[in-house]
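I opened this model to look up a few things for my notebook, beginning with charged pairs and then going on to the fold, the interior and the surface.

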Amino acid sequence: MWFNKSTEAVVEEFKVNLTTGLSENEVIQRREKHGLNELTSKKPKTLLRIFLSQLNNIMIYILIGAALISGFIGEISDAVIIGIVILINAIVGVIQESKAEKALDALKKLSTPKALVKRDGESREIPSQEVVSGDLVIIDAGRYIPCDLRLIETANLQIEESALTGESVPSDKQANLIIEAEDTPLGDQKNMAFMSTLATYGRGAGIAVATGMDTQIGKIATMLEESTDEQTPLQKKIEELGKILGFAAIGICALMFLVGVLQDRDLYEMFLIALSLAVAAIPEGLPAIVTIVLAMGVQRLIKEHAIVRKLPAVETLGSVSVICSDKTGTLTQNKMTVTHFFANDEQGEITSIDLNKEAHRLLLENLVLCNDSTYSETAKTGDPTEIALLEAGNRFDLSKDLLQKTYPRVHEIPFDSDRKLMTTVHNSNNQFIVFTKGALDSLLKISTDAYINGETVTLTEELKNKIIEASNQMSDDALRVLGAAYKSLAADPSKEGDKIEENLTFIGLVGMIDPPRLEVKDSIALCKKAGIKTVMITGDHKNTAFAIANELGISNNIEEVMSGSELDKLTQDQLNDKIEGLSVFARVSPEHKVTIVKAIRSRGNIVSMTGDGVNDAPSLKAADIGVAMGITGTDVAKGAADIVLTDDNFSTIVSAIKEGRNIFNNIKKSIIFLLSCNLGEVVALFLAILLGWASPLRPIHILWVNLVTDTLPALSLGVDSGDPTVMDKKPRDPKATLFAEGAGLRLILNGALIGILTLTAFVIGNNLYPDSLMHAQTMAFVVLSISQLFHSLNMRHPDKSIFQLGVFTNKNLVYSILLGILLQVIVITVPALASVFKVYPLTIRDWAFVLLLSVMPLVINEIIKAIRRNNISGKTV
């Protein structure tokens, strides 16, 4: 650890001459030993490898099996159709995955193109990749840091590190510090500078102590490489479902074959029938429908200002139980803002300043004029703290440009990190006025008077204590405090020398903070109502973090806050045990964020992590859902995330979770619908064989229903209008199956009903046309198809009647049903198609029978729902 070593020890360890720097020979030797100063990554996956990975799925294995079976029994067209379904699914997956892994590419772009180093006694600008350990690197304002440095010289150096540490304001650097504590967070390592951060003020020099993958940025790159993509809850459920269907298909085959042996049927014929039944058990269109519904969800989320980079993330959103959020720029506005003041012996919010009171006006004029930054509605430059002061002045029409015309600057003493003060001198009608701002303790040492009620009074101990008390109150509210003082001079200030900053008159204080986003508090309250916990993770200090968390309603007790140094003392298991009682983590490193996410996930939670900085990237990948800010977010964060918010609004996450919940509900409707339809086919075939009848359906009938008739309503259910009360419920249990909450029972009952109705049609057909098996099979085929279409109306809600919901509130579903019926009519009436499907034209009487049977699932479900609603209302009375 370089921060706890003296500059002399670092110089000795790297064997570098501070006057001349390294020699070219030393540079060559060190580069051969350590390599270039750049980030490396694993070889990217080839398109072929990505394509093959899309096939590594239990449902795809089953579909491949179904295609082989279809080909084996002579149904070549079935095998081709199933093959096309598999191919489409794989292509969609390849497109999604090839877009996803861009995080490391973005991280590499962060490295600065040029570095200023001293070698062989000369200053040289070189490509940053050529920096080696031990190089003497020179820093000036506006230059990016090329590697990790132990600073050996600083002059008012400030470095903007928010992307790495989460700090809202640039960090003051001091080379002469030696930091003893080994668990010092990155943000407190004041004698260090880190790769890809930006020097905003002053100058300095440092020795390169880490390059390439050994830097803090390199460690983040390593964590990104080590992260593995885990399956989403839906992917796990579909894999479980695939296993169930696979075993069911094998079981059905074996059972049917056994029945055939017991019935002394032709074994080859029974083998083919058993295989047909296995194909009937598999919903061939399921993988494609889930993929398409998720893709439609992506389009819906774009309207909510959320861009989904990884398709399964759409569904995972709906099961999120904990949102881990970065503070700076996510929960807060990422700009310092003056919120409170103390002047004229009064304390209050900045909005209550009264320019008619001389002390109030003088305070603002001081802070605006003693300032090196610029501010306008369209542009701002300089230190964030100074910009905040100019913005406060602008609120009261005290712009820097106008004030400088009245009080032109004639002299200045720049800010110095030792003095912690800045002073400017202004001409005022041939008189001179000195304005000084800075740290309160430094200011009180050089002030002898105070300006109160238009008069200059002696700064007594009592008055000093009152000022310090006001400052402490602001500090307790996590405000950054800045003091202001002045004095008038009759003589030319250049003759005063160092005496300019003596015998000042204290004016007042201002307190500033990076304030919360206005809409975030309501969103966090909505999360609580929906059973979602919000956890704040930040690089800021403990008190600042708690103040923001308390204001937003995330935490009410300082005991719920843990710092990075406290985290370091815990093992992963110890943190896992304590995590439930913690809501805020302060002063944390990128490694800490990953540890926190792992701890929360260990309690069975589905975790969303939001952030915008480079330091957030590893935890964005470690979470179930990584959410990056689209405007302020770094390319690294966006590359690591699953979802990017185009409006940088925490509230958009809540809207996306609501949408995700509805999307999951719709996918579940589609899956249960498809499975109940497949069960109907299995029941019809199984009972017919068990009873010794001829097969009521041909394999092509089953495939037509599975891939065409069922698919259109399933897709329409996938885009059903959302449940308005979905955020009134707790997140669903990620361990719960798709068949929870009565869905499994409804699936079995409706599947059995569809199967029995299909067999009924077959029996009626056999009785009406005893010499035409094809006629009876046609009636069974039509009832199977159309009854499933009507059954889709039942799937919109488990309890509410379709008439309560409104038949036309999902117009897509109505169109799907009508189109499905039309296609069924075309298949039967068009001779060319009829010969392919081996069906017989139906009479008017036949159509009356089949339509009456087909509508029964809707009628029976409506009756059951009505009875259930009456029972529920009876219990509540």
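I count as a salt bridge a side-chain nitrogen of Lys or Arg within 4 Å of a carboxyl oxygen of Asp or Glu. The model I am reading is a predicted one, and I keep that in mind for each entry below.

**Entry 1: salt bridges**

With that cut-off I looked up K5 and E13, whose side chains meet in a salt bridge with 3.0 Å from N to O. I then checked how open the two ends are: K5 is partly exposed at 26% relative accessibility, and E13 is partly exposed as well, with a relative accessible area of 44%.

How many salt bridges does the structure hold? I find 29 in the structure, and I looked up some others by name. R603 and E580 meet through their side chains at 3.5 Å, N to O. This pair links distant parts of the chain, since R603 sits in the loop between α23 (590–602) and β24 (607–611) while E580 sits in the loop between α22 (572–578) and β23 (584–586), 23 residues apart. For exposure I noted 41% relative accessible area for R603, which is partly exposed, and 46% for E580, also partly exposed.

My next pair was D723 and K729, which form a salt bridge at 3.1 Å, N to O. D723 has a relative accessible area of 22%; because buried means under 20%, I enter D723 as partly exposed. K729, at 44%, is partly exposed too. I also noted that E24, D120 and R124 are joined into one network by salt bridges that share partners.

**Entry 2: a hairpin**

D120 came up again when I turned to the strands. Strand β1 (residues 114–119) pairs with strand β2 (residues 122–127) in the antiparallel sense, over six bridges. Which residue of β2 is the bridge partner of K118? I found S123 in that place. The hairpin of β1 and β2 has two residues between the strands, and D120 takes a positive phi near 50° there.

**Entry 3: the chain as a whole**

Stepping back, I recorded 35 helices and 26 strands for the protein chain. Its C-alpha atoms fill a box of roughly 125 × 75 × 45 Å, taken along the principal axes. The accessible surface of the chain comes to about 37,200 Å², with 57% of that area belonging to carbon and sulfur atoms. Of the 877 residues in the chain, 54% are buried. I also looked at the contacts with a separation of 6 or more, and residues 24 or more positions apart account for 71% of them.

**Entry 4: the interior**

Before listing the cores I reminded myself that nonpolar side chains tend to be buried together in soluble globular proteins. The largest nonpolar core here has 139 residues, and L509, I643 and I671 are those with the most contacts inside it. Helix α26 (residues 650–690) gives the largest share of this core, 15 residues. I followed I671 outward, leaving aside its neighbours within four places in sequence, and found I671 in contact with L234, I238, L241, L286, V290 and L738. Another core lies apart from the one with I671; this other core has 51 residues, including L136, I217, I579 and M609.

I looked up P618 as a separate residue, and its place is in helix α24 (residues 617–622). Is P618 buried or exposed? P618 has a relative accessible area of 1%, so I enter this residue as buried. I also checked P618 against I81: the two are 537 residues apart in sequence, and their C-alpha atoms are 42 Å apart in space.

**Entry 5: a nonpolar patch on the surface**

My last search was on the outside, where F72, F257, V261, L267, Y268 and F271 make a nonpolar surface patch of about 580 Å². Helices α9 (233–262) and α10 (267–281) each supply at least two residues of this patch, and α10 gives the most, with three residues. F72 is found in helix α4 (residues 58–72). F72 has a relative accessible area of 52%, and because exposed means over 50%, I close this entry with F72 set down as exposed.

Methods
Residues are numbered from 1 along each chain as its sequence is written. This is a predicted model: local features need pLDDT of at least 70, side-chain atom pairs count only at pLDDT 80 or more; totals for chains, interfaces and linings use all residues. Side-chain values use heavy atoms; hydrogens and water are left out. Patches are made of residues with over 30% relative accessible area and no salt bridge: like charges are joined within 9 Å, nonpolar side chains (Val, Leu, Ile, Met, Phe, Trp, Tyr) within 5 Å. Accessible areas come from the Shrake-Rupley method with a 1.4 Å probe; for residues, only the protein chains shown count as cover. Helices (H or I, at least four residues) and strands (E, at least two) are DSSP runs, numbered from the N terminus. Buried means under 20% relative accessible area, exposed over 50%, partly exposed in between (1.4 Å probe, protein chains only). Two strands pair if DSSP finds at least two bridges between them. Contact means heavy atoms within 4.5 Å. A nonpolar core is a set of buried Ala, Val, Leu, Ile, Met, Phe, Trp, Tyr and Cys residues joined through side-chain atoms within 4.5 Å.
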